[in-house]
Amino acid sequence: MRILCLPYTHTLSHISRPLLLAQELRARGHEIIFAGDGSAERFIVDQGFEVLPLYQIPPDLLFGRIRDGKLKFVLDDELETMIEADKRLFNEVKPDLVISDGRFSAPVSTAIAGVKHAAIVNVSSTEYRALPYIPFFDWVPGWLLKRGPSLCKGLDLLNLKMEMMVFDNATSIFKKLSKQYQLSNTVTATNCLAGKDLTLLADIPEYFPTRNLPRNYEYIGPLTWKSDLGTPNWWPPQRKNKFLVYISMGTTWMGGSFENLYRLFQKHGFVAIITTGGQGGEHGLQSIEGEIYVEDFLDGDLVMNEADLVVCHGGNGTIYQALQNGTPIIGIPTIPDQQFNMRRVEALGVGITLSMKEFGENPEKLFELIHHITQDPLFLQHAQTLQEKLSGLRPAEKA
């Protein structure tokens with residue numbers, strides 16, 4: 001088959017998952033072509049795949065709206081431009097199958113073009129999630145509303161219906177286009193990241209449960225980036241029996257300063273490894289042997305297997321990579337997806353959330369939480385339990 005992959009190429013998380021799947025498909029003899037326009041596409045090229053140009057919404061606009069809490073995350077003309085760009089690309093490539101990850105125009109454009117479509121997505125971005133994205137009823141105090149199992153389930157269902165209705169109506173362009181093109185299945189803001197024909201859930205049920213899941217939705221497990229970057233010349237880090245913290249904020253962290261993190265860790269008695277995702281700024285942060293190590297990118301599995309704790313932005317891929325290595329987590333989320341992820345991390349007892357507001361007002365709070373996790377063995381035990389559940393999964397092969 002000729003297969004066209006459409007990831008959101010401005011973030012490594014949306015590139016790494018289809019890239020792992022593309023490598024598996026290529027090994028089985030299929031032709032794989034990527035399309036996008038982001039700087040992170042170099043990771044695709046490095047694996048020997050072609051990347052054709054394709055219009056995408058710039059990350060400062062897209063993530064800026066999401067961080068500002070705007071429910072209308074895509075403008076009508078932007079979505080229509082994306083769909084037209086998709087259609088031109090389909091005419092050029094003539095794919096047998098389109099695989100998307102973060103391309104919310106794909107369910108509409110593939111339906112118009114009559115092309116088969118599969119998508120890689122997290123449960124949190126589907127209409128079949130069992131847990132609310134934004135828990136409206138959490139503000140009600142326990143003394144006012146006694147939450148038994150039945151009431152909690154009922155509140156969650158009501159919450160889900162409310163949040164999906166609000167979200168779909170705020171970004172109603174998807175429903176309008178579905179009607180305009182007479183699509184057999186209505187695309188909405190809630191399901192726009194899902195596949196028209198097949199949806200691959202890069203999760204496990206224990207982490208993100210679902211309800212009423214249809215047959216064309218399949219759990220495959222987390223597709224985490226397997227780096228071939230090798231080891232830096234300073235590896236292994238000189239720990240001197242100190243606690244080792246790995247700080248990884250992804251490739252789109254706009255919540256804080258790496259320089260600030262660097263200075264904070266210099267003050268405290270931990271050894272730190274910081275990966276900046278290319279966002280380290282112009283200050284040229286230098287590694288200090290036995291204290292702090294700084295790189296743009298590192299092999300995450302290599303570092304997390306060595307680290308005692310991961311501090312991250314709450315991105316799904318980083319969390320799963322930490323859990324695959326049995327490492328507890330502190331998350332500093334900046335967008336709702338990451339907040340949702342960290343609520344699950346806390347519910348499963350494998351980590352703690354630190355809000356960006358708290359961190360900004362009192363950076364020392366981060367080190368209070370680090371001390372708390374180091375002194376409570378339950379965080380490590382719970383992380384190791386999930387590590388066992390994740391071991392042995394073959395997500396790319398299943399996909």
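Biologist: Which residues does Ile273 touch, not counting residues up to four places away in sequence?
Modeller: Ile273 touches Trp234, Trp235, Pro237, Leu244, Val245, Tyr246, Ile247, Tyr293, Leu298 and Val303. Contact here means heavy atoms within 4.5 Å. Bear in mind that the model is predicted: local features need pLDDT of at least 70 and side-chain atom pairs pLDDT 80 or more, while totals for chains, interfaces and linings use all residues. Numbering starts from 1 along each chain as its sequence is written, and side-chain values use heavy atoms, leaving out hydrogens and water.

Biologist: Which residues in the largest nonpolar core touch the most other members?
Modeller: Ile273 is one of them, along with Tyr207, Tyr246, Ile319, Leu323, Ile329 and Val345, in a core of 35 residues. A nonpolar core is a set of buried Ala, Val, Leu, Ile, Met, Phe, Trp, Tyr and Cys residues joined through side-chain atoms within 4.5 Å. Buried means under 20% relative accessible area, exposed means over 50%, and partly exposed is in between, using a 1.4 Å probe and protein chains only.

Biologist: Which element gives the most to this core?
Modeller: That's helix 10, with four residues. Helices (H or I, at least four residues) and strands (E, at least two) are DSSP runs, numbered from the N terminus.

Biologist: Is helix 10 enclosed or open, and why?
Modeller: Helix 10 is largely enclosed by the rest of the structure, because seven of its nine residues are buried. Among the buried ones are Asn316, Thr318 and Tyr320. Just after this helix, Gly326 has a positive phi of about 65 degrees.

Biologist: Let's switch to the open sheet. What is its strand order?
Modeller: The order is 10-9-8-11-12-13, six strands with parallel pairing. At the edges are strand 10 (292-295) and strand 13 (351-353), each pairing on one side only. From one strand to the next, the twist averages 15 degrees. Pairing requires that DSSP finds at least two bridges between two strands.

Biologist: How many bridges join strand 8 to strand 11?
Modeller: Four, between residues 244-248 and residues 309-312. In one of these pairs, Ser248 has Cys312 of strand 11 as its bridge partner.

Biologist: Which helix packs on the sheet, touching strand 12 and strand 13?
Modeller: Helix 11 (residues 336-347) does, and its direction makes about 140 degrees with that of strand 13. For such angles, axes are lines fitted to C-alpha atoms, for helices over the stretch in contact, and values run from 0 to 180 degrees between N-to-C directions.

Biologist: Any backbone oddities? Where is Pro236?
Modeller: Pro236 sits in the loop between strand 7 and strand 8, and a cis peptide bond with omega of about 0 degrees joins Trp235 to Pro236. Asn241 is found in that loop too, between strand 7 and strand 8. Its phi is positive, near 65 degrees, though Asn241 is a residue other than glycine. Most residues other than glycine have a negative phi, and most peptide bonds are trans.

Biologist: Is Asn241 buried or exposed?
Modeller: Asn241 counts as exposed, because its relative accessibility is 85%.

Biologist: Last topic: how many cavities of 30 Å³ or more are there?
Modeller: A search of the whole structure finds one. The largest cavity holds about 30 Å³ of space, and its lining is Tyr8, Gln56, Ile57, Leu62, Met82, Gly102, Arg103 and Phe104. On a 1 Å grid over the protein atoms alone, a cavity is a set of points where a 1.4 Å probe fits but cannot get out, and lining residues have an atom within 4 Å of a point. Points are joined across faces, edges and corners, and the volume is the space filled by probe spheres set on them.

Methods. 1 Å grid on protein atoms, 1.4 Å probe; cavity = no way out; pocket = protein on both sides within 12 Å on 5 of 7 lines; lining within 4 Å.
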